[in-house]
Amino acid sequence: MAEEVVGMDYLTRWPRKLLTVYTPLAGFLVILLFPFYWMTVTTFKSNEELYNYKDYNPLWIHSPTLDNVKRLLFDTDYPQWLAITMTVAVVATFISLFASVLAAYAIQRLRFKGGQTVGLMIYLAYLVPPSILFIPLATMVFQFGLYDSPIALILTYPTFLIPFCTWLLMGYFKSIPYELEECALVDGATRIQILWKITLPLAVPGLISAGIFAFTLSWNEFIYALAFISSVEKKTVPVAVLTQLVEGDVYHWGSLMAGALLGSLPVAIIYSFFVEHYVSSLTGAVKE
Amino acid sequence: MPGPDMAIAAERKRVAQPTGSWVARTLDNPGVLAFLFMLPAATLLLVFLTYPLGLGIWLGFTDTKIGRSGVFIGLENYESLFQDSMFWLAVSNTVLYTVFATIGKFALGLWLALLLNNHLPAKALIRSIILVPWIVPTVLSALAFWWIYDPQFSIISWALTEMGLIDHYIDFLGTPNNARASLIAANIWRGIPFVAICLLAGLQTISPSLYEAAALDGATSWQRFRHITLPMLMPILAVVMTFSILFTFTDFQLIYAITRGGPAGTTHLMATLAFQRAIPGGQLGEGAAIAVAMIPFLLFATLFSYFALARRKWQQGGSDD
């Protein structure tokens, strides 16, 4: 964004802007970030401090401790859950990217008969929510003998990743001038060479956007992982934190918040590196 | 003597020769190639999306249970759901949840987008911070809300008590209406960033000259908002709202993480009730029927989105490609 469109902004005076822009904006930021602050503060508190609001101000940590994180990493299967979630997310992302690149290229560039209809169907597929699919999928997973196996997740996650990635990549391929491909065709390159050597290198930003988005969506997925996996050691982080760290009516809020915090970190780190890709794919997918 | 041009032409001719085998030539046929390229995506989507969608509708007409395949029982599941007060409570909860959460998300999201559309220092940083609630796994941020809504140690109750506004702690999740309001608040919190960033993208496409012209004509800031911003924003607003309504209506994670439908099943949405009956309850047929009951609404939302998209293209003067 080289040049900001400021419009008539310069007409607004300082004190007025403080009241109408900065104050509400600060309010939004505080409310949007507070749950994460509270998660972090709770993670590093000792138990006596955590449940004693009279002697300690709950908004601050008086004697920080790593007990909760230690308990999480060494007394539970948390590292295992992280590994499973990471594997499922990475494999599902690569399968979806592979299928989506080919599909998006075929729809956008090969211009086969009925291509537009297929594009529309893929858009509609994105609108089918997992909450109506998980019951029939559960019966299929049983029949295929995949119940309680991460493979069930790897195979079902592409159902919501492929529509999104294909839609996003179609937009990227569209922005690459067709003349480049025509030149290569005239020079005798095959279609596969064109895709591999010309279109894909130019679509790298789109591939990164689709990839990190697919990874984030897989990492955040909940209902399939809840319905298809039952063994403690095979659960994904979101499911395991919710089902394994709560013991009866005793909530260990310290460990729970530590689990939530650590489980959010991988996506938060990727996000911090690729913010612009997230914003462009989010708004691009809506605007297309 | 052949000049450089001829050398290039000869080179081109050499390269353009059908050098490959029969396989290579077939692969270069656009029709064959398109079919092969569509194959992985089409297979995955047909097997794990289209087929289960049909299977779900079929299961709704059977009495399938976990570990036992069912038989066709016609509309029996729907007849029993029709008399099931729990089902109707879930339907009304779902509608209320969608309506209030959508109004909240769009009112606050539009406000935030308008704030961000001002000239601000560190705007990119603010924008990236705002998206964080949307990036983090819903269940994990919902856990933070569960802790914030704790009856004994709620930080909100503590803060309000310290300020002298209340004298006893609020029971956020203990009574049906409190629990519903708390869930809606958490859903709004999570939805604001998505709405705000999408609408901001829409706002940035509006030419400032429109505002300048209106201001010269003496339009007030409300009139500029009402007659320039809103109409120009309408197409993208319609699309974002369709997505938002769709995902709010079929929401599962937030409710499952914070209340699991409680207290006493009064905060179930259709998705959580379907899960409750199908997986822990084992009644796959009945659960499928509840899930299928969501489809008419989703169809309506999808058609709405389709026509909004068509209208947007028409407004931009684009062709239908």
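What radius of gyration does chain A have, set against a compact globule of 288 residues? I started there. Chain A comes out at 24 Å, where a compact globule of that many residues would be near 19 Å. This is a predicted model, so I keep that in mind for everything below.

**Chain A, overall**

I looked up the extents next. The C-alpha trace of chain A spans about 80 × 65 × 30 Å along its principal axes. For secondary structure I got 15 helices and two strands in chain A.

**Chain B, annotated spans**

I pulled the UniProt record, an unreviewed entry. Its "transmembrane region" annotation covers residues 32-51, 95-116, 128-149, 188-207, 228-249 and 288-309 of chain B. I then checked two of these spans against the model. Residues 228-249 of chain B are 100% helix and 0% strand, with end C-alpha atoms 31 Å apart. Residues 188-207 of chain B are 85% helix, again with 0% strand, and their end C-alpha atoms lie 30 Å apart.

**The A/B interface**

How many residues does each chain put into the contact? I count 105 from chain B and 107 from chain A. The area buried between the two chains is about 9,700 Å², and carbon and sulfur atoms give 81% of it. On the chain B side, Phe37(B), Phe48(B) and Trp147(B) lose the most area to chain A, but together they make up just 9% of what that side buries.

Then I went after the polar side of things. The rule finds 10 residue pairs in polar contact across the interface of chain B and chain A, both residues at pLDDT 80 or more. Helix 3 (residues 30-59) of chain B supplies the largest share of the side of chain B that touches chain A, with 18 residues. By class, that side of chain B has 82 nonpolar, 13 polar and 10 charged residues.

**Salt bridges**

Which residues pair up in a salt bridge between the chains? One salt bridge turns up across the interface of chain B and chain A. I find the side chains of Glu276(A) and Arg127(B) meeting at 3.0 Å, N to O.

Over all chains the structure holds five salt bridges. I also noted one inside chain A: Glu181(A) with Arg109(A), closest N and O atoms 3.0 Å apart. That pair links distant parts of the chain, as Glu181(A) sits in helix 9 (residues 178-186) and Arg109(A) in helix 4 (residues 78-110), 72 residues apart.

Notes. Residues numbered from 1 in each chain as written. Chains lettered and ligands numbered in written order. Predicted model: local features only at pLDDT ≥ 70, side-chain atom pairs only at ≥ 80, totals over all residues. Heavy atoms only, no water. UniProt positions renumbered as here; feature names shortened; annotations may be inferred. Helix = DSSP H or I, 4+ residues; strand = E, 2+ residues; numbered from the N terminus. Contact = heavy atoms within 4.5 Å. Buried area = accessible area lost by both parts, 1.4 Å probe. Salt bridge = Lys/Arg side-chain N within 4 Å of Asp/Glu carboxyl O. Polar contact = N/O pair within 3.5 Å; in protein donor to acceptor, adjacent residues only side chain to side chain. Nonpolar A, V, L, I, M, F, W, Y, C, P; charged D, E, K, R; others polar. Rg over C-alpha atoms; globule rule 2.2 N^0.38 Å.
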